[in-house]
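Please look over the sequence and the 3D structure shown here, and then read the report that follows with both in view.

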Amino acid sequence: MPNAFYNNTEINVSIRNHLEKELGEYNRINFAYAIMNKKDPTDFAVISNKTEWFSFYTQHNYQFIDPILMTASLRITPFSWHESIATNKDAKKKYYFPNGEIL
C-alpha cells in the first residue's frame with residue numbers, strides 16, 4: 001500500500017470531520033480510525049480525536065500488539081471487540097518486519 005494512501009491529508013481530514021459529525025451527539029467520545037497494510041503492518045496510520053495518545057501509539061508500534069488490529073489483519077468480516085479480546089486466538093500471529101525481524 002503506497003504511503004500516500006493513508007497519509008493523504010485531504011482524505012484524512014474528510015474522514016475525521018465525518019467521524020466528529022457522526023459521533024458528536026455522544027459528548028466527549030474518543031474515537032480512532034486505523035488504516036494498516038496487512039502485508040506490512042509498519043505501513044500504518046490513525047485518525048483520531050485523541051492525537052497525543054495515538055502519536056505515542058504509533059511511535060511505539062503498538063499496532064503489532066493491539067488485539068483488535070491483530071484480529072482485523074486476519075479477517076475481512078466484522079467482529080466484536082469483545083470477541084477478539086476474549087478468545088485471544090489471534091495473539092499467536094507472528095509479524096514480520098521488512099528487515100526480517102519477527103515480533
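## A loop residue, I29

With a relative accessibility of 36%, I29 counts as partly exposed, and its place in the chain is the loop between α2 and β1. When residues up to four places away in sequence are not counted, I29 touches L23 and N49. The second of these partners, N49, is 20 residues away from I29 along the chain, and the C-alpha atoms of I29 and N49 are separated by 8.8 Å.

## The model and its confidence

The structure is a predicted model, and it is sensible to ask how confident the predictor is before reading further. The pLDDT of the protein averages 75, and 73% of the residues score at least 70. Within the protein, confidence is highest in helix α2, which covers residues 9-23 and has a mean of 87, and lowest in α5, where the mean is 59. Statements that involve α5 should be read with that mean of 59 in mind.

## The order of the elements

The protein contains five helices and two strands. Followed from the N terminus on, these elements run in the order α-α-β-β-α-α-α.

Of the 103 residues in the protein, 27% are buried. Among the contacts between residues at least 6 apart in sequence, 31% join residues that are at least 24 apart.

## The two strands

How do β1 and β2 pair, in the parallel or the antiparallel sense? The two strands pair in the antiparallel sense, and five bridges hold this pairing in the description of the model. One of the residues involved is Y33, whose bridge partner in β2 is I47.

Strand β2 has five residues, and four of them are buried, so β2 is largely enclosed by the rest of the structure. As a general point, the side chains of a regular strand alternate between the two faces of the sheet.

## The largest pocket

The largest pocket holds about 450 Å³ of space. Its lining is made up of 19 residues, and those closest to the centre of the pocket are A32, A34, D66, I68 and L69. Several elements take part, for β1 (32-36), β2 (44-48), α3 (51-59), α4 (67-72) and α5 (81-87) each supply at least two residues of the lining.

Which element gives the most to the lining of the largest pocket? The answer is β1, which contributes five residues. By chemical class, the lining residues divide into 16 that are nonpolar, one that is polar and two that are charged.

## Two further residues, M70 and N61

M70 lies in helix α4, which is one of the elements that supply at least two residues of the pocket lining. Is M70 buried or exposed? Its relative accessibility is 7%, and because buried means under 20%, M70 counts as buried. The C-alpha atom of M70 is 9.3 Å from the C-alpha atom of K38, although M70 and K38 are 32 residues apart along the chain.

N61 is found in the loop between α3 and α4, and its relative accessibility of 34% places N61 among the partly exposed residues. The backbone of N61 also deserves a look, since N61 has a positive phi of about 55° although it is not a glycine.

Methods:
Residues are numbered from 1 along each chain as its sequence is written. This is a predicted model: local features need pLDDT of at least 70, side-chain atom pairs count only at pLDDT 80 or more; totals for chains, interfaces and linings use all residues. Side-chain values use heavy atoms; hydrogens and water are left out. On a 1 Å grid over the protein atoms alone, a cavity is a set of points where a 1.4 Å probe fits but cannot get out, and a pocket is an open set with protein on both sides within 12 Å along at least five of seven lines; lining residues have an atom within 4 Å of a point. Grid points are joined across faces, edges and corners, and a volume is the space filled by probe spheres set on the points. Helices (H or I, at least four residues) and strands (E, at least two) are DSSP runs, numbered from the N terminus. Ala, Val, Leu, Ile, Met, Phe, Trp, Tyr, Cys and Pro count as nonpolar, Asp, Glu, Lys and Arg as charged, and the others, Gly among them, as polar. pLDDT is the predictor's confidence in each residue, from 0 to 100. Buried means under 20% relative accessible area, exposed over 50%, partly exposed in between (1.4 Å probe, protein chains only). Two strands pair if DSSP finds at least two bridges between them. Contact means heavy atoms within 4.5 Å.
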